[in-house]
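Reader: Could you take me on a close look at the nonpolar core of this protein and the residues around it? I would be glad of one connected account.

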Amino acid sequence: MRTAVVTGSGRGIGRSIAVKLAEAGFSLVINVKRHVEEGEETLREVKKHGDGILVQADVATIDGANKLINETIKAFGSVDVLVNNAGLGIARPFIEIDELLWDKLINTNLKSVYLVTRAALPHMIKKGHGKVINITSIAGITGLAYLVPYSAAKAGIIGFTKALAAEVGPLGITVNAVAAGLVKTKMGDSLLQYIGKNEETWVKAHTLTGSMVEPNEVAELVAALATDKIRNLTGEVIVIDSGSSIIESRRFVLDG
């Protein structure tokens with residue numbers, strides 16, 4: 001049985017990914033920092049399809065990251081797939097971002113990727129096989145106003161993905177990233193509230209498809225990357241954002 005670890009999987013995208021991977025036959029390690037009840041709900045959904053455990057740990061700390069992987073090895077003996085999903089977005093003008101908030105956002109979104117991957121890699125190297133899948137954002141590609149530290153962290157994940165893929169490819173490990181746009185999650189709803197727009201208005205103005213990305217769509221992409229059906233894709237960033245990052249291409253012709 002293959003094992004997948006999904007950080008930040010108590011709700012939203014992380015929960016959808018965990019359930020989808022369970023459906024695909026993986027044993028799951030669910031992770032939450034604080035809200036254990038959310039992790040337990042995810043675990044109940046996972047166990048409808050297979051085996052799983054819940055590990056409460058702050059993966060932005062070295063002790064938390066090591067605890068997550070150590071508990072995984074203790075329960076299942078291997079880490080076959082690691083999905084670095086834990087993230088936090090807080091919209092605020094840059095001049096209002098103090099050092100404490102900057103560090104919190106960078107640590108949650110970027111340092112956690114480094115710490116958990118570093119803990120998991122030796123087990124993948126030992127097996128000569130493994131997949132690391134990092135959840136980033138179009139904020140890391142285009143940058144988003146009022147999300148400067150979040151954008152910086154997500155851009156860092158993209159560089160991390162490409163560099164690590166080059167390093168561990170010869171060891172049988174692939175590293176890829178999924179860059180999501182605005183997704184129908186608690187974080188996505190909070191951003192819409194911050195900018196003072198409802199979903200219908202926003203998707204009409206800012207997407208090509210006329211709808212927001214659903215968490216399950218991101219999960220489907222991750223599941224495809226996690227299986228051995230796609231073996232030779234590595235160092236890539238796959239964008240799923242309802243076309244929002246390229247919408248100016250349409251306006252250039254229609255409004256120009």
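Author: Happily; here is the core, followed by its surroundings and the protein as a whole.

A word on the model comes before the details. This is a predicted model, in which local features need pLDDT of at least 70, side-chain atom pairs count only at pLDDT 80 or more, and totals for chains, interfaces and linings use all residues. Residues are numbered from 1 along each chain as its sequence is written, and side-chain values use heavy atoms, with hydrogens and water left out.

Let us start with the frame. The protein has 10 helices and seven strands; helices (H or I, at least four residues) and strands (E, at least two) are DSSP runs numbered from the N terminus. Of its 256 residues, 46% count as buried, where buried means under 20% relative accessible area, exposed over 50%, and partly exposed in between (1.4 Å probe, protein chains only).

Now to the part you asked about. A nonpolar core here is a set of buried Ala, Val, Leu, Ile, Met, Phe, Trp, Tyr and Cys residues joined through side-chain atoms within 4.5 Å. The largest one has 28 residues, and the members that touch the most others are Ile 17, Leu 21, Leu 28, Val 83 and Val 218. Strands S1 (3-6), S2 (27-32), S4 (81-84), S5 (130-137) and S6 (173-180) each give two or more residues to this core, as do helices H1 (12-23), H2 (36-46) and H9 (215-226). Apart from it lies another core, of 23 residues, with Val 55, Val 116, Ala 119 and Ala 165 among them.

Val 83 is a good place to look around. Setting aside neighbours within four places in sequence, Val 83 is in contact with Val 5, Val 6, Thr 7, Ile 17, Leu 21, Ile 133, Ile 135 and Val 222, contact meaning heavy atoms within 4.5 Å.

A short step along the chain brings us to Asn 85, in the loop between S4 and H4. Asn 85 counts as buried because its relative accessible area is 9%. Beyond neighbours within four places in sequence, Asn 85 is in contact with Val 6, Thr 7, Gly 8, Ile 13, Gly 14, Ile 17 and Ile 135. Asn 85 and Val 178 are 93 residues apart in sequence, yet their C-alpha atoms are 9.9 Å apart in space.

Strand S1 also holds Thr 3. With a relative accessible area of 0%, Thr 3 is buried. Its contacts, leaving aside neighbours within four places in sequence, are Phe 26, Ser 27, Val 29, Thr 72, Phe 76, Ser 78, Val 79, Asp 80 and Val 81.

Helix H4 (residues 99-127) contains Ser 112, which is buried at a relative accessible area of 3%. Not counting residues up to four places away in sequence, Ser 112 touches Val 59, Ala 60, Asn 84, Ala 86 and Asn 107. Thr 61, in the loop between strand S3 (52-56) and helix H3 (62-76), is partly exposed, with a relative accessible area of 31%. The C-alpha atoms of Thr 61 and Asn 109 are separated by 12 Å, with their positions 48 residues apart along the chain.

For a contrast, turn to Gln 193 in helix H7 (residues 186-195). Gln 193 counts as exposed because its relative accessibility is 64%. From Gln 193 to His 49 the C-alpha distance is 35 Å, and the two are 144 residues apart in sequence.

Two loops deserve a look at their backbone. Most residues other than glycine have a negative phi. Tyr 146 has a positive phi near 70°; Tyr 146 sits in the loop between helix H5 (139-142) and helix H6 (148-168) and is partly exposed at 46% relative accessible area. Ser 242 also has a positive phi, of about 60°, in the loop between strand S7 (237-240) and helix H10 (247-254). Ser 242 counts as buried, at 12% relative accessibility.

Finally, the protein as a whole. Residues 24 or more positions apart account for 72% of the contacts with a separation of 6 or more. A compact globule of 256 residues would have a radius of gyration near 18 Å, and the protein agrees with its 18 Å; this radius is taken over C-alpha atoms, and the globule rule is 2.2 Å times the number of residues to the power 0.38. Along its principal axes, the C-alpha trace spans about 55 × 40 × 35 Å.
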